[in-house]
Structures are given as structure tokens and as C-alpha cells.
Amino acid sequence: MSHAEGKQPGRFVTFEGIDGAGKSSHIATAAAFVRRHGKTVVCTREPGGTRLGEKLRELLLHEAMHLETEALLMFAARREHLEQVIEPALARGEWVICDRFSDATYAYQSGGRGLDQSKFLQLEQWVHGHLQPHLTLLFDLPSAVARRRIAAQERSLDRFEREQADFHERVRKAYLERAAAAAQRIRVIDADQAPDIIENLIKKAVVDYCL
Ligand code: TYD
């Protein structure tokens, strides 16, 4: 990653967790906290974050497709996202807070769908071998609790949210395995706690890892 001489390097922070873990509201909290420290923050999401990426998101969330097509489209959207949004912001010395990144592909397409992880290692190397998040916050909670939260929202569900409980439990397990293997980058936050406790844990992680 290149950045102008003397400029603070940007920070790349990703938020992960099974559907219903409550990432969205925590992202807003984290962004406001970092902005109060005088940083410029770009909030973005995957799949999506670019014009093309948002079109791919629409297909990924609502159109039936082969499992491998799904995985490849996740990485295709990511390639565009890195080129157009993530890398330019980091090069400007800004913070990028991203709702999901490659850990989600490992958790959902490998843990959930059962595809072989080694394929993703190659794709990851190809698409962003030079760049990993500085910090990943993994919001963890039992899938039964997450499903109750989703059900309470009374909205139409996407292809992933409609999956059975065992799918979400496999996704959760895959996330936790990744966190154990990359403890220096991924901090696990118990998402089944009061919002103010979670908020303090997020702030502490951001300070410890990035500020
Ligand atoms: P999500 O962050 O849950 O969107 P929202 O908060 O608006 O519901 O992301 C959409 C879905 O995409 C989510 O169910 C997980 C899935 N996903 C993958 O399966 N693989 C990936 O690589 C990514 C980035 C997302």
C-alpha cells in the first residue's frame, strides 16, 4: 500500500458475523468514534460498495446460482471494490470501515456452503494478496438468537437469511475458527450483550489496534 511521505497510513477495519449479529448499528458507532478522533472515515460494504458491486449484490442476494458462481462473484465484486474505493481511500490516509470482507467468503461459501477453502486462498492471493484488514471485529452469537432477531424484523429475507439454522451454525463455527487462527487481527465480541457494553468493547479494540 502506498501513501504520501509524512502522511499517516490509512486503516482498514472490517466487521463480520452471522446474519442477525447486529453489525450495522455497531458500524455507525465505530465510525462516529473514529471521526471524533479527527480521522476521515469511508463506510462501505460487501458485496457492494461500487456501482457494479451493488448490481452484483442484488444478484447474489436474490438470484439462485451455482455455489462456485456465488463465490467467484463475491471475489469479482471485491476486486472492483478494492480498486475503486478501498485502496484509494487508504492511499489518502483515510480509514475504511467495511461491512464484511474476505472472512465472510471463508465463513459463508466454505463453512456454510462447503466449498474447499484452498480455492479461496488462491483467489484471495490474486485479488488482495498485498492487503489484509488491520483489524476485524467478529460479532459472535448463537445462531438461534440471531434467527430470533431476524424474524422480529418482519421484512422479506434474502437467500442467505433464508438458509436453515444448521447453515448459520456452520458459518458461525467457520468464523470462530478463522478468529482462532488469526488472533492478532480478529477480535471476537460477544454480540449477545447490552449495546453499551458492546460499544465499549468496539472502542477499546479500535484504540488497541489502530489509533
Ligand atoms: P449483510 O452484511 O448481512 O447485509 P445486510 O446487513 O444488509 O443484511 O451481507 C449480505 C449477505 O452476503 C450476508 O448474508 C452474507 C453474504 N456474504 C457472503 O455469503 N459471502 C461474502 O463474501 C460476503 C461479503 C457476504
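Helices (H or I, at least four residues) and strands (E, at least two) are DSSP runs, numbered from the N terminus. The model on display is predicted: local features need pLDDT of at least 70, side-chain atom pairs count only at pLDDT 80 or more, and totals for chains, interfaces and linings use all residues. Residues are numbered from 1 along each chain as its sequence is written, and side-chain values use heavy atoms, with hydrogens and water left out.

**First selection: R100**

Select R100, in the loop between β3 (95–99) and α4. R100 is not a glycine, yet its phi is positive, at about 80°. Most residues other than glycine have a negative phi. Now display the ligand as well: a polar side-chain atom of R100 lies 2.9 Å from one of the ligand's oxygen atoms, a polar contact being a pair of N or O atoms within 3.5 Å.

**Second selection: the ligand and its shell**

Add K23, where an N or O atom of the side chain is 2.8 Å from an oxygen atom of the ligand. Next add Q109; here a polar side-chain atom lies 2.8 Å from a nitrogen atom of the ligand. Taken alone, the ligand exposes 550 Å², of which the protein buries 89% (accessible areas by the Shrake-Rupley method with a 1.4 Å probe).

Expand the selection to every residue with a heavy atom within 4 Å of the ligand. This shell holds 17 residues, and the closest are D19, K23, R100, T105 and Q109. Colouring by class shows six nonpolar, three polar and eight charged residues; Ala, Val, Leu, Ile, Met, Phe, Trp, Tyr, Cys and Pro count as nonpolar, Asp, Glu, Lys and Arg as charged, and the others, Gly among them, as polar.

Which element gives the most to the shell around the ligand? It is α4, with four residues.

**Third selection: R78 and E46**

Move to R78 and E46, which form a salt bridge with the closest N and O atoms 2.6 Å apart; the term denotes a side-chain nitrogen of Lys or Arg within 4 Å of a carboxyl oxygen of Asp or Glu. The pair links distant parts of the chain, 32 residues apart: R78 belongs to helix α3, and E46 to the loop between β2 (41–45) and α2. By this rule the count comes to 21 salt bridges.

**Last selection: P47**

Finish at P47, in the loop between β2 and α2. The peptide bond joining E46 and P47 is cis, with omega about -10°. Most peptide bonds are trans.

Conventions:
Polar contact = N/O pair within 3.5 Å; in protein donor to acceptor, adjacent residues only side chain to side chain.
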